[in-house]
Amino acid sequence: MTSAQTALDLRFLDSRDRGGPTQPLLIARALRKHFPVKRSGGRAVQAVDGISFAVHKGETLGIVGESGCGKSTLARLLLHLIAPDAGELVFDGDAVAVPGGIAVGALRRQVQMVFQDSHASLNPRMPIRDSVAFGPFVQGKPREAARGIARDMLGKVGLDPELFGPRYPHELSGGQKQRVNIARALATDPRMVILDEPVSALDKSVEAQVLNLLRSLKRQFNLTYVFISHDLSVVRYISDRVLVMYLGRVVELGTVDAIFERPQHPYTRALLASRPSMDPTRRIDEPPIVGDPPNPIDPPAGCRFHTRCPFAEPVCASKDPPLGESGVADSHIAACHMLDPRSGHSRAGAAAA
Amino acid sequence: MPDTLAIDEPLGSFDEQAAPATRVRGYWQSVFYRLRHDPVTLFFAAMVLSIVLAAICAPLIAPFDPYRESIVGRLKPFGWRDHALGTDELGRDMLTRLLYGGRVSLLMGVVPVVVASLIGGMLGVLAGFVGGRVNTAIMRTMDVFYAFPSVLLAVAIAGAMGGGMVNGMLALTLVFIPPMCRVAETATTQVRALDFIEAARASGAGALTIIRYHVLGNVLGPVFIYASSLVSVSILLASGLSFLGLGVRPPLPDWGLMLSTLRQSIYVVPLVCALPGVAIFITSICCNLVSDGLRAAMDVRM
């Protein structure tokens with residue numbers, strides 16, 4: 001846990017710290033977002049359905065899951081870009097958007113986001129230096145000061161501000177545009193950055209550059225990351241802890257080593273097994289997980305994974321497996337009946353080992 | 001940390017960092033660059049410009065007084081006694097009346113379009129940006145206006161308010177607001193769905209700031225292109241209103257009105273009687289071709 005220790009040394013440098021080193025920077029409690037489907041008789045897409053977790057100061061929390069499992073909705077909920085139906089956000093000890101807590105605007109001064117589509121997240125009619133300067137300008141910096149910050153930030157992400165500043169997004173490559181987006185997110189001096197699939201649309205060589213840039217910026221600015229991706233290798237490379245999502249729920253949460261070396265949930269195991277092997281003799285023909293995720297409009301009762309789980313038993317279809325509390329920073333928890341000796345599953349207790 | 005992806009290349013080691021070879025050129029700069037290299041559009045733009053200049057300078061270049069009548073010199077052909085383009089049914093000089101008529105016709109072509117772009121554009125941006133019920137309320141109201149053919153609507157409004165140049169312009173403005181609104185709404189809805197609007201919200205910007213800095217710049221292009229194509233329609237409709245006696249009142253010269261009064265003399269001096277129609281035709285086709293050129297030049301993939 002070297003990274004957690006580095007974070008411990010650095011976090012006292014931030015004058016905006018309120019809760020102290022052990023207070024998680026962001027806590028999500030029972031966040032829920034259902035999108036109503038028109039003309040369906042009140043049914044809704046259960047994009048995020050009761051998700052709780054904490055992001056500790058200075059860490060990188062990776063969030064993985066299949067397409068459509070609610071990763072991006074979760075990212076937007078964390079920034080209050082969409083309002084949750086239920087649940088609460090606590091930023092550094094202060095509840096967000098409730099009486100007595102901090103306002104959404106105060107949250108957005110400290111949390112920023114980088115989007116997957118590097119092109120669509122830049123205004124095509126604006127030179128990139130203005131796109132980067134927009135955040136500080138909106139948050140009250142005079143125009144010239146905002147431009148100065150933009151020059152500075154473009155330099156920090158490895159783009160020559162004199163050469164690239166006056167250019168328009170269509171004149172830049174995908175990797176360059178994503179650098180601009182990172183500069184834009186960091187221009188307002190946030191404490192936390194939510195990265196929603198920031199490298200998924202990039203070439204592999206550029207992807208590695210951007211990942212390394214993100215790591216060095218994190219050290220430089222003492223940042224906390226929430227890194228959303230469907231690419232397990234990328235998540236393993238950049239994360240300290242990993243949260244696995246399935247159909248709007250958390251199925252497993254633990255340190256990167258725990259998740260990748262000792263996965264507990266059958267879904268996590270299937271995900272890990274689905275990575276192509278570098279060893280030709282170990283290539284598999286059978287898919288480790290079959291079928292598509294069920295429709296999030298009508299998620300299965302009980303454990304949501306039971307329809308595709310090789311170990312499913314009647315108890316899985318009737319009872320919702322509890323996830324457990326993630327009290328300690330490196331606790332490893334998973335929502336599966338097989339891990340709970342009292343659940344009534346025939347393999348209960350055996351699978352934990 | 002696992003070493004599966006340990007690629008600690010120094011930044012700037014790929015040619016991704018290489019400087020782009022092209023010059024830095026903004027959107028409007030590239031539009032002007034394309035326009036400069038489009039001789040057809042340039043030619044018709046020059047035509048439009050000279051028509052406008054001739055209309056503005058009518059008092060300076062017109063050879064006669066537009067209201068001076070002559071009983072003996074009625075309906076004379078081209079070149080009759082210094083009247084290069086002949087005379088009308090009251091013996092007034094046609095060239096002079098065409099020049100003065102251009103002032104009225106161009107005014108009625110441009111003013112309604114500009115006013116409708118402002119009002120319709122604002123309504124469209126509002127509808128597109130706010131969405132939901134506001135959008136429904138505004139756009140369904142516009143659809144009601146859409147249900148009528150534009151000529152009939154203009155005639156009905158002008159007829160209800162009575163004739164005259166100002167009422168005619170008001171009627172045309174009302175006719176052009178719905179299409180302008182729809183163009184602005186479509187462009188705004190498209191822009192609003194893009195991530196950079198969400199990124200601006202994430203920086204803490206309010207709705208008005210986002211509209212001002214991120215929406216207007218992207219909506220202006222489509223609105224401008226559409227407005228430029230409406231100018232010729234407006235000139236035609238204004239002429240139509242005047243022709244029906246619902247626009248400009250005599251003796252004020254206007255191309256549509258002149259066409260209307262001269263049509264009874266079409267067998268006497270056919271060429272002279274066709275002149276106002278020719279003026280309308282040339283002006284509107286020049287406007288349309290310039291609009292087409294603008295559309296092509298502004299269609300830069302960004």
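**Note on the open sheet and overall build of chain A**

1. In chain A, 4 strands come together as an open sheet whose order is S2-S1-S4-S5, with antiparallel pairing. Strands S2 (44-55) and S5 (94-95) of chain A stand at the edges, and because each has a single partner strand, one side of each is left without a neighbour in the sheet. The reader should keep in mind that this is a predicted model.

2. Strand S1 (residues 26-36) of chain A pairs with S2(A) in the antiparallel sense, over 9 bridges, and in this pairing A:Leu31 stands opposite A:Ile51 of S2(A). S1(A) is also joined by 5 bridges to strand S4 (residues 86-91) of chain A, again running antiparallel, where A:Ile27 stands opposite A:Val90 in S4(A).

3. S4(A) is joined in turn to S5(A) by 2 bridges, the two strands running antiparallel, and A:Val90 has A:Ala95 as its bridge partner in S5(A). These strands form a hairpin with 2 residues between them, in which A:Asp92 takes a positive phi near 50°.

4. Turning to the whole chain, chain A has 12 helices and 11 strands. Its radius of gyration is 21 Å, close to the 20 Å that the globule rule gives for 353 residues, so chain A is as compact as a globular protein of that length. Along the principal axes, the C-alpha atoms of chain A fill a box of roughly 65 × 55 × 50 Å.

5. Of the 353 residues in chain A, 48% are buried. Among contacts in chain A between residues at least 6 apart in sequence, 64% join residues that are at least 24 apart.

Methods: Residues numbered from 1 in each chain as written. Chains lettered and ligands numbered in written order. Predicted model: local features only at pLDDT ≥ 70, side-chain atom pairs only at ≥ 80, totals over all residues. Pairing = 2+ DSSP bridges. Rg over C-alpha atoms; globule rule 2.2 N^0.38 Å. Buried ≥ 20, exposed ≤ 12 C-beta atoms within 10 Å, placed from the backbone. Contact = placed C-beta atoms within 7 Å.
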